[in-house]
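Grab a viewer and your favourite scripting tool. Below are a few short exercises, each followed by a worked solution.

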Amino acid sequence: MSAGAQARGTTSPNPPVGAVILDAAGEIAGVGHTQPPGGPHAEIMALKAAGEKARGGTAVVTLEPCNHTGRTGPCAQALIDSSLASVYFLHPDPTPQAAGGAAALAAAGITVGTLEAPVGVEDALIPWLTAMDLGRPHVTLKFAQSLDGFTAAVDGTSQWITGAQAREHVHIDRARRDAILIGTGTALADNPSLTARYPDGELRDHQPRRVVVGSRDVAKHGAQNLARLGFEHYATPEQALAELYASGARDVLVEGGAGLATSMLELGYIDWIQAYLGNVILGEGTGVLTHAVTTTLADAPRWRRHSVIELGDDLLVEYQRKG
């Protein structure tokens, strides 16, 4: 599972798959993850690391091995050629052109089985699988708020509601995304760079695409950082998600502001929520949304809690859409 997590942000439109090869004695012989588009898939990388130790061993893969020839050959055939005894995978492949690997492996006499996701371990394929199911990118809404639910103080100050550990986690997470979306209001008010950086300011290896959503022309009104670094501009959330998906993005992060967050929620586009809770109480200030999305508690949508991460004195609480 963690091998696949290492590939997030670098493989789209392909899935960030992880693979482990165990030798005949059950010892780890090779680990691999999907390389950027056009490069080897996870199984090939793991087999290369294992070498002859793969013979008679077991492959454990997060996604059913593919059974088609695209920019690379079929992984199912590579596993067969390596004389493995068994292959286990976490998710069946949902794409018709790549599915069928399990059947091909079984036909070759290899034992094939499925696995349950380990509790507490990141499943890096959730965004990609969601995108394949919905035909649009998986969307995470991220916000930082005070303990009493405000994203900025009365005077508009918001830096910093959370501490250094939480802010570093944000940059780690940015580097795992295909794109970051903000509204035109945030672009004009904050002039953000939307880069993924190390604590010393150095840029991380992978940088997400920078996307502004809204009707105002931010390039003419002071968003110099975005203009300098290059950004994509779409008039509506619908257009943004459609264009991003068509160009290969599968996992995107909505960072602000309240207007875009509200629109995305009302349109039903939010699949995941990242709520960073800072150790501060404001009493009054700016909310996460611009207006109510329900008039009564009974009709408010409920989310399934996925994880709670301690980041110094702050918390990151992640929720997944139910159903």
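Before we start, a cut-off: a residue is buried when its relative accessible area is under 20%, exposed when over 50%, and partly exposed in between. Keep in mind that this is a predicted model.

**Exercise 1.** Work out which residues of helix α5 are buried, and which elements they pack against.

Solution. Start with the helix itself, residues 126-134. Applying the cut-off gives I126, P127, W128, T130 and A131 as buried. Next, look for their neighbours: the buried residues of α5 pack against strands β3 (58-63), β6 (138-145), β10 (251-256), β11 (272-277) and β13 (314-321), plus helix α9 (237-246). Finally, step off the end of the helix, where G135 takes a positive phi of about 70°.

**Exercise 2.** Decide what radius of gyration a compact globule with 323 residues would have, and set the protein chain against it.

Solution. The globule estimate comes out near 20 Å. The protein chain has 22 Å, so the two agree. For the overall dimensions, the C-alpha trace spans about 65 × 45 × 40 Å along its principal axes. As for burial, 45% of the 323 residues count as buried.

**Exercise 3.** Describe how β1 and β2 pair.

Solution. Take the strands, residues 18-22 and 28-33: they run antiparallel and share five bridges. One pair to check is I21 with its bridge partner G30 in β2. Then go to the hairpin connection, which has five residues between the strands; there G26 takes a positive phi near 90°.

**Exercise 4.** Find the cis peptide bonds that lead into P13 and W160, and say where these residues sit.

Solution. First, the background: most peptide bonds are trans. From S12 to P13 the bond is cis, with omega near 10°, and P13 is in the loop between α1 (2-5) and β1. From Q159 to W160 the bond is also cis, with omega near 5°; W160 is in the loop between β6 and α6 (164-174).

**Exercise 5.** S83 and L194 have positive phi without being glycines. Is each of them buried or partly exposed?

Solution. S83 has phi near 60° and belongs to the loop between α3 (75-81) and β4 (86-91). Its relative accessible area is 30%, so S83 is partly exposed. L194 has phi of about 60° and lies in the loop between α7 (184-190) and β8 (209-213). With 2% relative accessibility, L194 counts as buried.

Note on methods
Residues numbered from 1 in each chain as written. Predicted model: local features only at pLDDT ≥ 70, side-chain atom pairs only at ≥ 80, totals over all residues. Heavy atoms only, no water. Rg over C-alpha atoms; globule rule 2.2 N^0.38 Å. Buried < 20%, exposed > 50% of the residue type's maximum accessible area, 1.4 Å probe, protein only. Helix = DSSP H or I, 4+ residues; strand = E, 2+ residues; numbered from the N terminus. Contact = heavy atoms within 4.5 Å. Pairing = 2+ DSSP bridges.
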